[in-house]
Amino acid sequence: MTLASGQSLSGLWNGRNTGTGGAVTVRNNDWNGAVAPGTTTTFGFTATGSSSTAPSTLTRTGS
């Protein structure tokens, strides 16, 4: 996902992140394995900053 200018990831659950601002990647934790094709999963996050713009470019990659 891409956070707006001035925003920063301050908390994340059910995943692990790479990066805290701008382009942020979230991957599964070791304990929750892989997501099988045709299934779903959820993760949560909190972000701080001066912008109320929602994250953009939220995409799923992988199989």
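Here is a walk through this chain, from its overall layout down to a few individual residues.

Keep in mind that you're looking at a predicted model. The chain has four strands and zero helices, so from the N terminus on you simply read β-β-β-β. Its C-alpha atoms fill a box of roughly 35 × 20 × 15 Å along the principal axes. Of the 63 residues, 16% count as buried. The chain exposes about 4400 Å², and carbon and sulfur atoms supply 51% of that area. As for who touches whom, take the contacts with a separation of 6 or more: residues 24 or more positions apart account for 52% of them.

Now zoom in on Q7, which sits in strand 1, the stretch covering residues 7–13. Is Q7 buried or exposed? Its relative accessibility is 10%, and because buried means under 20%, Q7 counts as buried. What does its side chain reach? It gets to the backbone oxygen of T53, at 2.8 Å. T53 also turns up among the contacts of Q7 once you set aside the neighbours within four places in sequence. The other residues on that list are T20, G21, T48, G49, S51 and S52.

Next, have a look at V24. You'll find V24 in the loop between strand 2 (16–18) and strand 3 (25–27). Loop or not, V24 counts as buried, because its relative accessibility is just 4% and the cut-off is 20%. Leaving out neighbours within four places in sequence, V24 is in contact with M1, L3, L9, N17, T18 and G19. If you want a distance to check on screen, try V24 and S8: they are 16 residues apart along the chain, and their C-alpha atoms are separated by 9.5 Å.

Finally, there are a couple of backbone angles to look at. Most residues other than glycine have a negative phi. N14 goes the other way, with a positive phi near 65°. N14 lies in the loop between strand 1 and strand 2, and its relative accessible area of 36% makes N14 partly exposed. T57 isn't a glycine either, yet T57 has a positive phi of about 55°. Where does T57 sit? T57 is in the segment after strand 4, which spans 44–49. With a relative accessible area of 53%, T57 counts as exposed, because the cut-off for that label is over 50%.

Methods
Residues are numbered from 1 along each chain as its sequence is written. This is a predicted model: local features need pLDDT of at least 70, side-chain atom pairs count only at pLDDT 80 or more; totals for chains, interfaces and linings use all residues. Side-chain values use heavy atoms; hydrogens and water are left out. Helices (H or I, at least four residues) and strands (E, at least two) are DSSP runs, numbered from the N terminus. Buried means under 20% relative accessible area, exposed over 50%, partly exposed in between (1.4 Å probe, protein chains only). A polar contact is a pair of N or O atoms within 3.5 Å; within protein, one must be able to donate a hydrogen and the other to accept it, and residues adjacent in sequence count only if both atoms are side-chain atoms. Contact means heavy atoms within 4.5 Å. Accessible areas come from the Shrake-Rupley method with a 1.4 Å probe; for residues, only the protein chains shown count as cover.
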